[in-house]
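Visitor: Please pick one part of this model and take me through it closely. I would like the geometry and the residues involved.

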Amino acid sequence: MPIVPLSTIANARSGDKGEGSNVGIIGRSRPAYEFLKGALTPDAVRVHMKQINFGKVRRYDADNMMVLNFLLEDSLGGGGSASLKTDAQGKTHGLALLRMSMEVPQNVLDSVSK
Amino acid sequence: MSDSKKVLIANGQGFWGDSILGPVRLVNEGPLDYLTLDYLAEVTMSIMQKLKSRRPEMGYATDFVKLIDRVLPQLVEKNIKVVANAGGVNPHACKDAVMAVIEKHGFKGIKVAVVEGDDILDQLDDLMAKGEDMKNMDTGEPLSTVRDTVTSANVYLGAFPIAEALDQGAQIVITGRGTDPGLVIGPMIHEFGWKADEYDKIAAGTVAGHIVECGAQCTGGNYTDWRNVPDMARIGYPIIEASADGSFVVTKHEGTGGMVTVSSVTHQLAYEMGDPANYITPDGIADFTSFNMEQEGPNRVRVSGVKGAPPTPTYKVSMSYHDGWKSVGQLTVSGPDALEKAELCAQIVWQRLAFDGFDYDASERMVEFVGANVCHEGIELEGAGEPAEIVLRMGVKGSDQEKIERFGPELVPLVTSGPPGVTGFAGGRPKATEIIGYWPALLRKELIKTSVSVFCS
């Protein structure tokens with residue numbers, strides 16, 4: 001199977017949520033979303049972002065929007081006004097996750113090509 | 001009321017600091033019934049309480065008054081109503097300033113309403129005496145652990161007081177803390193006569209409010225495929241075309257930049273989302289997994305079928321408290337060997353502070369080499385080579401103000417007593433600033449009294 005960055009088959013939006021951040025991964029097509037529901041596990045996200053997030057990762061699915069919503073528990077260096085980090089609000093965490101390399105079936109890739 | 005009635009509700013301000021061009025263009029570039037404006041973040045309330053304690057006529061979003069001064073003639077001419085949480089912790093002072101602007105322009109008979117009841121800072125001890133422990137929703141600790149350092153306490157009010165103000169004929173509604181979507185739901189309740197138990201409709205308003213609450217973030221701002229976004233400089237701010245049955249269309253004025261697509265709207269729906277099936281507001285619970293979206297035309301996304309559920313018996317309270325001090329500064333280090341020299345600079349700063357008796361442990365200090373993958377730390381980048389320059393960003397935090405203050409003066413001397421090529425110190429010495437802690441809690445609704453008062457020019 002071809003290896004591509006997650007950005008090939010998904011978009012993302014992220015922001016702060018208390019001392020953590022949320023990353024919404026949006027499938028670029030229905031087949032891409034269905035594939036990601038199986039492949040993009042909370043543990044895969046936790047490992048990919050292990051130097052950004054130091055807490056648990058939870059996932060909520062919204063099939064109607066083709067969104068997998070990941071909550072990163074401890075990813076903002078304390079969060080809010082207590083954080084000293086440049087990205088104290090997790091604005092860039094979506095793009096960080098989209099850099100993940102994945103093995104993606106050809107039919108899924110075909111479903112997102114224009 | 002006919003079923004085909006459409007009401008146009010825009011949001012022109014996603015946060016305090018958003019461009020004034022958003023609302024100015026919304027009132028000028030196309031049809032509009034309501035302009036909503038969101039000025040408040042958690043930290044804002046604490047800053048406003050501090051301003052008010054120094055000067056009793058301050059403590060609200062002064063940007064709002066400047067905006068009204070700029071667009072009032074168009075608001076009056078087109079009969080556009082404004083709903084803004086610009087009141088902060090001093091909504092009557094905000095109202096007085098707005099009234100003064102209206103007088104200056106010479107308009108008579110304009111009604112301005114104030115919604116209040118959200119500010120409970122003066123009632124905290126009473127509430128605690130009544131047995132409300134206002135436990136931190138994240139940690140479970142009782143409020144008593146930080147009570148002495150609390151600097152602001154506000155309830156997130158719902159949309160019904162806003163609707164009541166509009167029912168009384170207000171053209172401008174000024175609130176303190178409320179939910180962000182409430183600014184949009186209030187006009188819908190007023191226009192369509194929705195009842196408190198019409199949970200699906202309230203939930204639909206909540207979804208609409210969430211889509212527009214960050215301004216241009218649903219019209220192509222902060223969008224993954226940024227190359228596909230046309231004319232970002234003149235990006236259009238979002239407008240909800242609302243219907244009585246709760247269905248709505250997300251759109252923007254014709255001729256503006258940006259785009260409204262299912263994808264751009266979905267991006268914003270995913271923003272700051274928790275459990276999408278349980279989006280809780282004081283007016284009801286919205287299920288963000290329930291609805292359908294469809295592109296019904298260029299820059300028009302229809303949302304329908306939103307499901308809701310009854311509200312919880314509690315309000316969310318947002319409190320802030322003093323949580324220590326911090327100081328952050330930065331210098332630029334040019335190449336050759338930018339990263340290696342920046343690393344040396346950081347070591348020098350910590351060592352010099354230690355010579356002087358100030359040691360900061362790992363939890364108290366921070367170093368970033370901006371330009372060498374700070375944002376995506378630990379994630380391998382393709383084609384990343386030696387950076388031509390690095391922004392060295394360092395900071396400290398802790399409870400001892402003197403120790404935090406001591407850090408700043410050791411950063412700038414690197415320019416003359418460190419490796420070569422260190423520059424960019426125009427900002428001067430970093431100073432210690434207060435860390436404002438955030439304390440979310442729940443409070444039974446029957447303990448809170450809201451009120452609406454209307455004033456006429």
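**A helix crossing and a sheet in chain B**

Guide: Helix 7 of chain B and helix 8 of chain B cross in the right-handed sense (the near helix is turned clockwise from the far one by less than a right angle). This is a predicted model, in which local features need pLDDT of at least 70, side-chain atom pairs count only at pLDDT 80 or more, and totals for chains, interfaces and linings use all residues. Residues are numbered from 1 along each chain as its sequence is written, with chains lettered from A and ligands numbered from 1 in the order written.

Helix 7 of chain B covers residues 182–192 and helix 8 of chain B residues 199–212; their axes come within 8 Å and cross at roughly 135 degrees. Axes are lines fitted to C-alpha atoms over the stretch in contact, with angles from 0 to 180 degrees between N-to-C directions. Helices are DSSP runs of H or I, at least four residues; strands are runs of E, at least two. The two helices of chain B are therefore oblique to each other (neither under 35, over 145, nor 65 to 115 degrees).

From helix 7 of chain B, B:Gly182, B:Leu183, B:Val184, B:Ile185 and B:Met188 meet B:Ile202, B:Gly205, B:Thr206, B:Ala208, B:Gly209 and B:Val212 of helix 8 of chain B (C-beta atoms, placed from the backbone, within 7 Å). These contact residues comprise 7 nonpolar, 4 polar and no charged, with Gly counted as polar.

Chain B also has an open sheet of 10 strands with mixed pairing, ordered 11-12-8-7-1-2-3-6-4-19. Its edge strands are strand 11 (292–297) and strand 19 (451–456) of chain B. Strand 11 of chain B pairs with strand 12 (residues 300–304) of chain B in the antiparallel sense over 5 bridges (pairing needs at least two DSSP bridges).

Key. Two residues are in contact if their C-beta atoms, placed from the backbone, lie within 7 Å.
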